[in-house]
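A single part of a model can be read closely and then set against the whole chain. The exchange below does that.

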Amino acid sequence: MFTTQNRHRLPSELEVMPFILRLMEFIGLWGPPVQIVRFLAAFGWGTMIILFPKAVLGIGSDRFDAIAKGIAEFIFEGSLFVAMAIFASKRTAFEQLINGLREIFHKATNGPHSNDCYDLLLRQNLSINKFVKGYTIYGCFGPFVFCVPSLAASHFRYWTHSGNQSEPLIFELPMEQEF
């Protein structure tokens, strides 16, 4: 289980997944068990905003392509929510894994071959940490970059529209972009 004081404090460069554990603590999946309330609030809000409308209210179109896109989005988003729920339910096993890795790191850096192990763990931790930070940035900002072209095109069309009532003003949605 999570403890605020570790028996063996590792040097900061040998900590097990420090960046990811800080992110998980922020959303409530790491740290004291009472912090799970944050995750449950975000999970419930996401379910009500993303999954519930599609499941209960439908897609809102009779066109086959819109229905297919809506069902595909629902399956994709649903699989993410299910995976998050499974992970949250297996939190204690994850905490045991992290604590076990901390013990292994501590034993490996305090033994007869500690210099070699320290260097190996340090190189691996630095490369894993760089990858995780890059992937997190991609995961957080990728959707926004995906939406920028349609947002720019819609604004351009709005501000350059002649105002003629006979010409319809057509806005572009992100899923309608043809890359």
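One request comes next, and then one connected answer.

Biologist: Please take a close look at helix α1 (residues 18-27). Which of the residues of α1 are buried, and which helices do the buried residues pack against?

Modeller: This is a predicted model, in which local features need pLDDT of at least 70 and side-chain atom pairs count only at pLDDT 80 or more, while totals for chains, interfaces and linings use all residues. Residues are numbered from 1 along each chain as its sequence is written, and side-chain values use heavy atoms, with hydrogens and water left out.

The buried residues of helix α1 are Phe19, Leu21 and Met24. Buried here means under 20% relative accessible area, exposed means over 50%, and partly exposed lies in between, with a 1.4 Å probe and protein chains only. The helix itself is a DSSP run: helices are runs of H or I of at least four residues, strands are runs of E of at least two, and both are numbered from the N terminus. The packing partners of the buried residues in α1 are three helices, namely α3 (64-89), α4 (91-108) and α5 (114-160).

Both ends of α1 have a residue with positive phi beside them. In the segment before α1 lies Met17, with phi near 45°, a positive value in a residue other than glycine. Most residues other than glycine have a negative phi. Met17 counts as partly exposed because its relative accessibility is 32%. After α1 comes Gly28, where phi is also positive and near 100°.

The rest of the chain gives the setting. The protein has five helices and zero strands, in the order α-α-α-α-α along the sequence. Helix α2 covers residues 36-57 and includes Pro53. With a relative accessible area of 25%, Pro53 is partly exposed. Leaving out residues up to four places away in sequence, Pro53 touches Thr47, Met48 and Gly58, where contact means heavy atoms within 4.5 Å. Phe74 is 21 residues from Pro53 in sequence, and their C-alpha atoms are 9.9 Å apart. Gly44 is also in helix α2, and at 29% relative accessibility Gly44 is partly exposed. From Gly44 to Thr136 there are 92 residues in sequence and 22 Å in space, C-alpha to C-alpha.

Helix α3, one of the partners of α1, contains Gly78. Gly78 counts as buried because its relative accessibility is 17%. Between the C-alpha atoms of Gly78 and Ser150 the separation is 25 Å, and the two residues are 72 apart along the chain. In the segment after α5 is His161, partly exposed at 26% relative accessibility. Apart from neighbours within four places in sequence, His161 is in contact with Glu167, Pro168 and Leu169.

Two cysteines can be added. Cys117 is partly exposed, at a relative accessible area of 27%, and Cys140 is partly exposed at 43%. A disulfide is counted when a pair of cysteine sulfur atoms lies within 2.5 Å; by that rule the count is zero.

For the protein as a whole, 21% of the 179 residues count as buried. The radius of gyration is 24 Å, against a value near 16 Å for a compact globule of 179 residues; it is taken over C-alpha atoms, and the globule rule is 2.2 Å times the number of residues to the power 0.38. Along the principal axes, the C-alpha atoms fill a box of roughly 80 × 35 × 25 Å. Of the contacts between residues at least 6 apart in sequence, 63% join residues at least 24 apart.

The protein exposes about 13200 Å², and 69% of that comes from carbon and sulfur atoms; the areas come from the Shrake-Rupley method with a 1.4 Å probe, and for residues only the protein chains shown count as cover. There are 15 positive and 15 negative side chains, and the centres of the two sets are 10 Å apart. Lys and Arg count as positive and Asp and Glu as negative, with His and the chain ends not counted; each charge is placed at NZ of Lys, CZ of Arg, CG of Asp or CD of Glu.
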